[in-house]
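Student: Could we go through this structure together? I have not seen it before.

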Amino acid sequence: MKLLWFIGGITAFILGLVGAVLPVMPTVPFMILAAICFAKGSPRFHQYLLNHKTFGPPIRAWEEHRAIPRKAKILATAMLCISLPITTYILGTHLWWISATVILVCIVVMVWIWRLPDA
């Protein structure tokens, strides 16, 4: 079971690194997910993430207070607002129910993010 948690942590960590380079992908949520996986699969990598200069503070804020930095909230909201019209345009009217589901999920995610305390 530890191996599966470790693989999940590595996968989330890699996706977080990709998100650090690509503006359309988030970084912090993937790093938080990596930390959660590493806490159960590799304490050494978990400590590495907690002590990392860039990724450590938001991960510690999440683990200690379930808080997200305001900057991350603003960025996540902006990315959702930018991606929603693009997604609905690409899907078109023939897949309206998928577009409606995506919009609903994005709204729920935004409400959840903004209800969390600021880090």
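Tutor: The following exchange moves from the overall fold to individual helices and residues. This is a predicted model, in which local features need pLDDT of at least 70 and side-chain atom pairs count only at pLDDT 80 or more, while totals for chains, interfaces and linings use all residues. Residues are numbered from 1 along each chain as its sequence is written, and side-chain values use heavy atoms, with hydrogens and water left out.

Student: How many helices and strands are there in the protein?

Tutor: The protein has six helices and zero strands, where helices (H or I, at least four residues) and strands (E, at least two) are DSSP runs numbered from the N terminus. Its pattern along the sequence is α-α-α-α-α-α. The C-alpha trace spans about 50 × 30 × 25 Å along its principal axes.

Student: And what share of the residues counts as buried?

Tutor: Of the 119 residues, 29% count as buried. Buried means under 20% relative accessible area, exposed over 50%, and partly exposed in between, with a 1.4 Å probe and protein chains only.

Student: Let us turn to α6. Which of its residues are buried?

Tutor: Helix α6 covers residues 96–115, and its 20 residues reach 29 Å from first C-alpha to last, close to the 28 Å expected. The expected span is 1.5 Å times one less than the number of residues. Its buried residues are Ser99, Cys106, Met110 and Ile113.

Student: Why are they on the same side of α6?

Tutor: They cover an arc of only 65° around the axis, so they lie on the same side of α6; the arc is that of the directions from the helix axis to the C-beta atoms. On the other side, Leu104, Val108 and Arg115 are exposed.

Student: What do the buried residues of α6 pack against?

Tutor: They pack against α5, residues 70–91. In turn, α6 is included in what covers the buried residues of α5, which are Lys73, Thr77, Leu80, Leu84 and Leu91. The 22 residues of α5 should span 32 Å, and its end C-alpha atoms are 31 Å apart, which agrees. Just after α5, Gly92 takes a positive phi of about 75°.

Student: Back to Ser99: what does it touch?

Tutor: Not counting residues up to four places away in sequence, Ser99 touches Thr88, Leu91 and Gly92; contact means heavy atoms within 4.5 Å. Ser99 and Thr88 are 11 residues apart in sequence, yet 5.3 Å apart in space, C-alpha to C-alpha. Ser99 has a relative accessible area of 7%, which means that it is buried.

Student: New topic: at what angle do α2 and α3 pack?

Tutor: Helix α2 (residues 28–41) and helix α3 (residues 43–51) pack at about 145°, with axes 7 Å apart. Axes are lines fitted to C-alpha atoms, for helices over the stretch in contact, and angles run from 0 to 180 degrees between N-to-C directions.

Student: Which residues meet there?

Tutor: Met31, Ala34, Ala35, Phe38, Ala39 and Gly41 in α2 meet Pro43, Phe45, His46 and Leu49 in α3. These residues divide into eight nonpolar, two polar and no charged. Ala, Val, Leu, Ile, Met, Phe, Trp, Tyr, Cys and Pro count as nonpolar, Asp, Glu, Lys and Arg as charged, and the others, Gly among them, as polar.

Student: Where is Ser42 found?

Tutor: Ser42 is in the loop between α2 and α3. Ser42 is buried, with a relative accessible area of 10%, and touches Phe6 and Cys37, not counting residues up to four places away in sequence.
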